[in-house]
Amino acid sequence: QVQLVESGGGLVQPGGSLRLSCVASGSIFSLYVMGWYRQAPGKERELVATITNNDSTNYADSVKGRFTISRDNAKNTVYLQMNNLKPPDTAVYYCNTFAKSTTWGSAAIYWGQGTQVTVSS
(Lines give C-alpha, C1' and ligand atoms only; values in the text may rest on other atoms or scores of the structure.)
Protein backbone atom coordinates (compact mmCIF):
# COMPACT_ATOMS: atom_id res chain seq x y z
CA GLN A 1 0.00 0.00 0.00
CA VAL A 2 0.85 3.69 -0.21
CA GLN A 3 0.51 6.06 2.73
CA LEU A 4 0.19 9.85 2.44
CA VAL A 5 0.88 12.39 5.19
CA GLU A 6 0.11 16.10 4.78
CA SER A 7 1.58 19.01 6.70
CA GLY A 8 1.81 22.80 6.52
CA GLY A 9 -1.75 23.88 7.26
CA GLY A 10 -2.60 26.65 9.67
CA LEU A 11 -4.22 30.03 10.22
CA VAL A 12 -3.38 32.87 7.85
CA GLN A 13 -4.76 36.33 7.09
CA PRO A 14 -6.33 37.15 3.72
CA GLY A 15 -3.60 37.84 1.21
CA GLY A 16 -1.15 35.62 3.05
CA SER A 17 0.61 32.46 1.91
CA LEU A 18 1.04 28.86 3.01
CA ARG A 19 2.88 25.88 1.58
CA LEU A 20 1.42 22.42 2.04
CA SER A 21 3.52 19.28 1.80
CA CYS A 22 2.52 15.66 1.30
CA VAL A 23 4.97 12.78 1.66
CA ALA A 24 4.19 9.36 0.21
CA SER A 25 5.62 6.20 1.73
CA GLY A 26 5.12 2.44 1.63
CA SER A 27 5.37 -0.03 -1.24
CA ILE A 28 5.68 2.51 -4.05
CA PHE A 29 6.25 1.54 -7.65
CA SER A 30 5.14 4.79 -9.27
CA LEU A 31 3.12 7.85 -8.23
CA TYR A 32 1.51 8.50 -11.61
CA VAL A 33 -0.59 11.46 -10.49
CA MET A 34 -0.50 13.44 -7.26
CA GLY A 35 -2.99 16.08 -6.30
CA TRP A 36 -4.73 18.20 -3.74
CA TYR A 37 -8.43 18.30 -2.90
CA ARG A 38 -10.24 20.39 -0.32
CA GLN A 39 -13.51 20.22 1.57
CA ALA A 40 -15.22 22.99 3.51
CA PRO A 41 -17.89 22.22 6.15
CA GLY A 42 -21.20 21.34 4.52
CA LYS A 43 -19.74 21.34 1.03
CA GLU A 44 -18.55 18.72 -1.43
CA ARG A 45 -14.91 17.79 -1.73
CA GLU A 46 -13.44 19.57 -4.75
CA LEU A 47 -10.34 19.26 -6.87
CA VAL A 48 -7.70 21.93 -6.28
CA ALA A 49 -4.76 20.85 -8.42
CA THR A 50 -3.06 17.78 -9.89
CA ILE A 51 0.37 17.00 -11.27
CA THR A 52 1.49 13.96 -13.27
CA ASN A 53 4.82 12.14 -13.16
CA ASN A 54 5.75 14.16 -16.25
CA ASP A 55 4.96 17.46 -14.47
CA SER A 56 1.77 18.18 -16.37
CA THR A 57 -0.45 20.31 -14.11
CA ASN A 58 -4.14 21.10 -13.81
CA TYR A 59 -5.84 23.66 -11.57
CA ALA A 60 -9.34 24.53 -10.49
CA ASP A 61 -10.44 27.88 -11.92
CA SER A 62 -10.88 29.27 -8.42
CA VAL A 63 -7.18 28.88 -7.58
CA LYS A 64 -5.55 29.38 -10.97
CA GLY A 65 -2.91 32.07 -10.81
CA ARG A 66 -2.70 31.91 -7.01
CA PHE A 67 -1.74 28.30 -6.25
CA THR A 68 1.16 26.28 -7.63
CA ILE A 69 1.51 22.51 -7.41
CA SER A 70 4.92 20.85 -7.70
CA ARG A 71 6.57 17.53 -6.89
CA ASP A 72 9.94 16.13 -5.92
CA ASN A 73 10.08 12.58 -7.21
CA ALA A 74 13.28 11.76 -5.33
CA LYS A 75 11.47 12.55 -2.08
CA ASN A 76 8.05 11.14 -3.10
CA THR A 77 6.62 14.51 -2.12
CA VAL A 78 4.05 16.87 -3.60
CA TYR A 79 3.72 20.53 -2.61
CA LEU A 80 1.00 23.15 -2.88
CA GLN A 81 2.18 26.75 -2.70
CA MET A 82 -0.83 28.92 -1.88
CA ASN A 83 -0.52 32.67 -2.38
CA ASN A 84 -3.03 35.50 -2.00
CA LEU A 85 -5.24 33.32 0.17
CA LYS A 86 -8.90 34.27 0.54
CA PRO A 87 -11.53 33.31 3.15
CA PRO A 88 -13.28 30.96 0.66
CA ASP A 89 -10.04 28.94 0.57
CA THR A 90 -10.75 27.82 4.15
CA ALA A 91 -11.09 24.04 4.13
CA VAL A 92 -9.47 20.76 5.02
CA TYR A 93 -6.93 20.02 2.31
CA TYR A 94 -6.36 16.39 1.34
CA CYS A 95 -3.45 14.91 -0.53
CA ASN A 96 -4.29 12.32 -3.18
CA THR A 97 -2.38 10.02 -5.51
CA PHE A 98 -3.14 7.64 -8.33
CA ALA A 99 -0.30 5.20 -7.83
CA LYS A 100 0.98 1.69 -8.42
CA SER A 101 2.24 -0.35 -5.49
CA THR A 102 5.07 -2.86 -5.75
CA THR A 103 2.78 -5.43 -4.10
CA TRP A 104 -0.09 -5.14 -6.59
CA GLY A 105 -0.21 -5.05 -10.39
CA SER A 106 -2.94 -2.43 -10.72
CA ALA A 107 -2.88 1.25 -9.84
CA ALA A 108 -5.18 2.61 -7.15
CA ILE A 109 -6.20 5.86 -5.48
CA TYR A 110 -4.88 6.75 -2.02
CA TRP A 111 -5.78 9.60 0.34
CA GLY A 112 -4.04 11.43 3.15
CA GLN A 113 -5.63 12.38 6.47
CA GLY A 114 -6.03 16.07 5.64
CA THR A 115 -4.66 19.33 7.02
CA GLN A 116 -6.72 22.36 8.06
CA VAL A 117 -6.26 25.69 6.30
CA THR A 118 -8.08 28.68 7.78
CA VAL A 119 -8.04 32.12 6.14
CA SER A 120 -9.44 34.81 8.41
CA SER A 121 -8.74 38.36 9.55
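Start by selecting Val-33 and Thr-52: Val-33 stands opposite Thr-52, which belongs to strand E5. Bear in mind while looking that this is a predicted model. Now widen the selection to residues 28–39, strand E4, and residues 46–52, strand E5; the two pair in the antiparallel sense over six bridges. Together E4 and E5 form a hairpin, with six residues between them. In that turn, pick Gly-42 and check its backbone: phi is positive, about 75°.

Next, go to the other pairing of E4. Strand E4 also pairs with E9 in the antiparallel sense, over 10 bridges. To find the register, select Met-34, whose bridge partner in E9 is Thr-97. While following a strand, keep in mind that in a regular strand the side chains alternate between the two faces of the sheet.

Stay on E9 and show the cysteines. The structure holds one disulfide, and Cys-22 and Cys-95 form that bond with an S to S distance of 2.0 Å. Cys-22 is in strand E3 (residues 18–26) and Cys-95 in strand E9 (residues 91–101), so the pair links distant parts of the chain, 73 residues apart. Which hand does the disulfide of Cys-22 and Cys-95 have? The torsion about the S-S bond is about -85°, so the disulfide is left-handed. Are these cysteines buried or exposed? Cys-22 counts as buried because its relative accessibility is 0%. Cys-95 is likewise buried, with a relative accessible area of 0%.

Then turn to the nonpolar interior. The largest nonpolar core has 31 residues. Select Trp-36, Leu-80, Met-82 and Tyr-93, the residues with the most contacts inside this core. Several strands each supply at least two residues of the core, among them E1 (2–7), E7 (67–72), E8 (77–82) and E11 (115–119). Centre the view on Met-82 and leave aside its neighbours within four places in sequence. What is Met-82 then in contact with? The list is Gly-16, Ser-17, Leu-18, Leu-20, Arg-66, Phe-67, Tyr-93 and Val-117.

Now the aromatic rings. The structure holds two aromatic pairs. For one of them, select Tyr-32 and Phe-98: the ring centres are 6.2 Å apart and the planes are at 45°, so the pair is tilted. Tyr-32 lies in strand E4 and Phe-98 in strand E9, so the pair ties together parts that are 66 residues apart in sequence. Colour by accessibility here: Tyr-32 is partly exposed at a relative accessible area of 27%, and Phe-98 is partly exposed at 37%.

Move to Tyr-37 and Trp-111, an edge-to-face aromatic pair at 5.0 Å centre to centre and 65° between the planes. Tyr-37 is in strand E4 and Trp-111 in strand E10 (residues 107–111), so this pair too links distant parts of the chain, 74 residues apart. Tyr-37 counts as partly exposed at 22% relative accessibility. Trp-111 counts as partly exposed as well, at 38%.

Finish by keeping Trp-111 on screen and adding Arg-45. The charged end of Arg-45 sits over the ring of Trp-111, 4.7 Å from its centre. Which other ring should be shown with Arg-45? Add Tyr-94: Arg-45 lies over the face of Tyr-94, at 3.9 Å from the ring centre.

Methods. Residues numbered from 1 in each chain as written. Predicted model: local features only at pLDDT ≥ 70, side-chain atom pairs only at ≥ 80, totals over all residues. Heavy atoms only, no water. Disulfide = S-S within 2.5 Å. Helix = DSSP H or I, 4+ residues; strand = E, 2+ residues; numbered from the N terminus. Buried < 20%, exposed > 50% of the residue type's maximum accessible area, 1.4 Å probe, protein only. Pairing = 2+ DSSP bridges. Core = buried A, V, L, I, M, F, W, Y, C linked by side-chain atoms within 4.5 Å. Contact = heavy atoms within 4.5 Å. Phe/Tyr/Trp six-rings, centres within 6.5 Å; stacked < 30°, edge-to-face > 60°. Lys NZ or Arg CZ within 6 Å of the ring centre and 35° of its normal.
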